[in-house]
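Here's a quick briefing to read with the structure open beside you. Have a look at the fold first, then come back for the contacts.

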Amino acid sequence: MEQTLSIIKPDGVKKNIIGEVIRRFEANGLTVKAMRMLHMSKEEAQGFYAVHKERPFYDSLTDFMCSSPVVVMVLQGENAISLNRTIMGATNFKEADEGTIRRDYATSVESNIVHGSDAPETAAWEIAYFFSALDIMA
């Protein structure tokens, strides 16, 4: 079983679709192993997205991610990383497949409802950024 990190971004929380996003993950075979709502500080958002520090969207992304609460989750399942990314859809919601979270709810590339880890190494780092081993259900 593989684990991945998922974040329901500020726009998803504001749209009141937390339950719908989780329903889609669970309906497709992913299990929530840890979850919490938090309001990231600018420094926490910058730390989480440090890999993008040199990108032109870094400041706007980190501003957006600390603009209101988010929901962070550890999802588990067979091929959880790729399955989560399929359920989310392409980063650019206009390129996302019909029926994906981003196609159905996103309004821009940045305000695209959800974040998901892109590789096992990234997932391990991202999970540890928000959760201790004691927070994650076996």
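A charge counts as sitting over a ring when NZ of Lys or CZ of Arg is within 6 Å of the ring centre and within 35 degrees of the ring normal. Keep that in mind for R36, which lies over the face of F131 at 6.0 Å from the ring centre. One thing up front: this is a predicted model. Below come the charged pairs, the aromatic rings, the largest pocket and a few loop residues.

**Salt bridges**

- How many salt bridges does a search of the whole structure find? The count comes to 5.
- D104 and R24 bring their side chains together in one salt bridge, with 2.8 Å from N to O. D104 belongs to helix α6 (residues 101-105) and R24 to helix α2 (residues 18-27), so this pair ties together parts that are 80 residues apart in sequence.
- The two partners are not equally covered: R24 is buried at 12% relative accessible area, while D104 is partly exposed at 35%.
- R24 and D104 also belong to a wider group, since E20, R23, R24 and D104 are linked in a network of salt bridges.
- Another salt bridge joins D63 and K42, whose closest N and O atoms are 2.4 Å apart. Here D63 sits in helix α4 (residues 58-65) and K42 in helix α3 (residues 42-48), so the pair ties together parts that are 21 residues apart in sequence.
- For D63 the relative accessible area is 42%, which makes it partly exposed. K42 counts as partly exposed too, at 21%, and the cut-off for buried is under 20%.
- R103 pairs with E98 in a salt bridge, and 2.8 Å separates their closest N and O atoms. R103 is partly exposed, with 33% relative accessible area, whereas E98 is exposed, with 61%.
- As background, side chains of opposite charge can pair when their charged atoms come close.

**Aromatic rings**

- A search of the whole structure turns up 6 aromatic pairs. One of them is F48 with Y49, an edge-to-face pair at 4.8 Å centre to centre and 90° between the planes.
- Are F48 and Y49 buried or exposed? Both F48 and Y49 are buried.
- W125 and Y129 make a pair too: their ring centres are 5.2 Å apart and their planes are at 35°, so the pair is tilted. These two residues are 4 apart in helix α7 (residues 120-130), a separation of about one helical turn.
- Unlike the buried F48 and Y49, W125 is partly exposed, at 46% relative accessible area. Y129 is partly exposed as well, at 29%.
- Which residues make up the aromatic cluster? F48, Y49, W125, Y129 and F130 form it together.

**The largest pocket**

- The largest pocket holds about 550 Å³ of space.
- Its lining takes in 25 residues, and those nearest the pocket centre are Y49, H52, L61, T91 and H115. Y49 is also a member of the aromatic cluster.
- Which elements each supply at least two residues of the lining? They are α3, α5 (80-88), β4 (114-116) and α7.
- Sorted by class, the lining has 10 nonpolar, 8 polar and 7 charged residues.

**Loop residues to look at**

- N16 sits in the loop between α1 (10-14) and α2, and its phi is near 60°, a positive value in a residue other than glycine. N16 is exposed, with a relative accessible area of 66%.
- I113 also has a positive phi, near 75°, and again the residue is not glycine. You'll find I113 in the loop between α6 and β4.
- Is I113 buried or exposed? I113 is buried, with a relative accessible area of 0%.
- D97 is in the loop between α5 and α6 and counts as exposed at 57% relative accessibility. Its C-alpha atom is 16 Å from that of F25, with the two positions 72 residues apart along the chain.

Technical notes. Residues are numbered from 1 along each chain as its sequence is written. This is a predicted model: local features need pLDDT of at least 70, side-chain atom pairs count only at pLDDT 80 or more; totals for chains, interfaces and linings use all residues. Side-chain values use heavy atoms; hydrogens and water are left out. A salt bridge is a side-chain nitrogen of Lys or Arg within 4 Å of a carboxyl oxygen of Asp or Glu. Buried means under 20% relative accessible area, exposed over 50%, partly exposed in between (1.4 Å probe, protein chains only). Rings of Phe, Tyr and Trp (its six-membered ring) pair if their centres lie within 6.5 Å; planes under 30 degrees apart count as stacked, over 60 as edge-to-face and the rest as tilted. On a 1 Å grid over the protein atoms alone, a cavity is a set of points where a 1.4 Å probe fits but cannot get out, and a pocket is an open set with protein on both sides within 12 Å along at least five of seven lines; lining residues have an atom within 4 Å of a point. Grid points are joined across faces, edges and corners, and a volume is the space filled by probe spheres set on the points. Ala, Val, Leu, Ile, Met, Phe, Trp, Tyr, Cys and Pro count as nonpolar, Asp, Glu, Lys and Arg as charged, and the others, Gly among them, as polar.
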